[in-house]
Amino acid sequence: MHRLSLLRRAISLCFFYHALQTRGVRFFHTIQEENDSLAKDLVHGPAKQIRKTLKSNSTEVITSGQGSSLWDDPYFVAHLTHSGGPNDNYYGLHATMDVYGHELKHGQLSSTTFWINHAGDGKKSSYNAIQVGWHDKKSGDWWVYYGFNKSPTGVGYFPRSLFSYLAEKADIMQFGAFVQAKKALPTPPMGSGALPNGGKGRAASFTDIRFIDQDGNSSPIKEDLPMFVTDRKCHAITHIDHAACFYGGPGGCMR
């Protein structure tokens, strides 16, 4: 049993392509210039790893040899929209997620997050990705809204000057979690530290999962989305049911 230093809390988070020009705090890019493959892997999320191989509503991929010299490869669980075709247009994502605190060792990471992506024109230089946000169809800024046990309010934005294709829309939305550890260390717990077990028990959750259209209107996600799990022996995520899903795992995995 993992000791939790923070009881379960609810955080609402949404990305939105903003329809109106408003004032806010800019988030400046740092990962874009980071040479560490750890930062690059995490900001792209699982979509970039499986873009060419995702052919069904679930997939399991065990990766190796992609991490930095100090860090092992991340373990992901996630739901993601289909593979970024020309008709895949997304302008925002909202969900309420659980937050837990664990006593992590130095060299361990555990996170629940959103990823917003655009594949660009196929060239590596045109691929855009951010790890949090909400987008303006006129300003082209991706805004981040956050609420701790309350409705989300705007806290800042990624300006359109950072992007090429993502300044117009996203073609992939992802939400899920990841854990990672330095080599020779076990992975930390994901979510609450409990496996979903079909949605029963005390696993962490995403609830009220919604897509946001270009006019700012939200609608619950009623159908299941493709699923990505790095290693089901370590972590898992359930199918989406009534705009909700469960995820997590106890950790302790090593490659």
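Student: What makes strand 8 (residues 142-148) count as mostly covered?

Tutor: Five of the seven residues in strand 8 are buried, and a residue is called buried when its relative accessible area is under 20%, exposed when it is over 50%, and partly exposed in between, with a 1.4 Å probe and protein chains only. The model is predicted, so local features need pLDDT of at least 70 and side-chain atom pairs count only at pLDDT 80 or more, whereas totals for chains, interfaces and linings use all residues. Residues are numbered from 1 along each chain as its sequence is written, and side-chain values use heavy atoms, with hydrogens and water left out.

Student: How do you know that strand 8 and strand 9 pair?

Tutor: Two strands pair if DSSP finds at least two bridges between them, and strand 8 and strand 9 (residues 153-158) have five bridges in the antiparallel sense, so the definition is met. The strands themselves are DSSP runs of E with at least two residues, numbered from the N terminus, while helices are runs of H or I with at least four. One position to look at is Tyr-145, which stands opposite Gly-154 in strand 9. The two strands form a hairpin with four residues between them, and Asn-149 in that turn has a positive phi of about 55 degrees.

Student: Why is the contact between Arg-255 and Asp-72 called a salt bridge?

Tutor: The term requires a side-chain nitrogen of Lys or Arg within 4 Å of a carboxyl oxygen of Asp or Glu. The N to O distance for Arg-255 and Asp-72 is 3.6 Å, so the pair qualifies. Arg-255 sits in the segment after strand 15 (245-248) and Asp-72 in the loop between strand 2 (58-60) and strand 3 (75-80), so that the pair links distant parts of the chain, 183 residues apart.

Student: Which of these two partners is buried, and which is partly exposed?

Tutor: Asp-72 is the buried partner, because its relative accessible area is 18%, whereas Arg-255, at 40%, is partly exposed.

Student: How many salt bridges does the whole structure hold, and what are other examples?

Tutor: A search of the whole structure finds four. Among them, Glu-168 and Arg-160 have their closest N and O atoms 3.1 Å apart; Glu-168 is partly exposed at 47%, and Arg-160 is partly exposed at 31%. Another joins Arg-210 to Asp-208 at 2.7 Å, N to O, and here Arg-210 is partly exposed at 23%, as Asp-208 is at 34%.

Student: What makes the backbone of Asp-208 worth a look?

Tutor: Asp-208, which is found in strand 11 (residues 204-212), has a phi near 50 degrees, a positive value in a residue other than glycine. His-242 also has a positive phi, near 55 degrees, but it lies in the loop between strand 14 and strand 15 and is called exposed because its relative accessible area is 73%.

Student: How do you know that Cys-234 and Cys-253 form a disulfide?

Tutor: A disulfide is a pair of cysteine sulfur atoms within 2.5 Å, and the S to S distance of Cys-234 and Cys-253 is 1.8 Å, so the pair is counted. The structure holds one disulfide.

Student: Why is this disulfide called left-handed, and what does it tie together?

Tutor: The torsion about the S-S bond is about -120 degrees, so the disulfide is left-handed. Cys-234 lies in the loop between strand 13 (227-229) and strand 14 (236-237) and Cys-253 in the segment after strand 15, so the disulfide ties together parts that are 19 residues apart in sequence. Cys-234 is buried, because its relative accessible area is 5%, and Cys-253 counts as buried at 12%.

Student: What can be said of Cys-245 and the pairing of strand 15?

Tutor: Cys-245 is buried, with a relative accessible area of 1%, and Phe-206 stands opposite Cys-245 in strand 15. Strand 11 and strand 15 run antiparallel and are joined by three bridges. Strand 14 also pairs with strand 15 in the antiparallel sense, over two bridges, and in that region Ala-236 has Gly-248 of strand 15 as its bridge partner.
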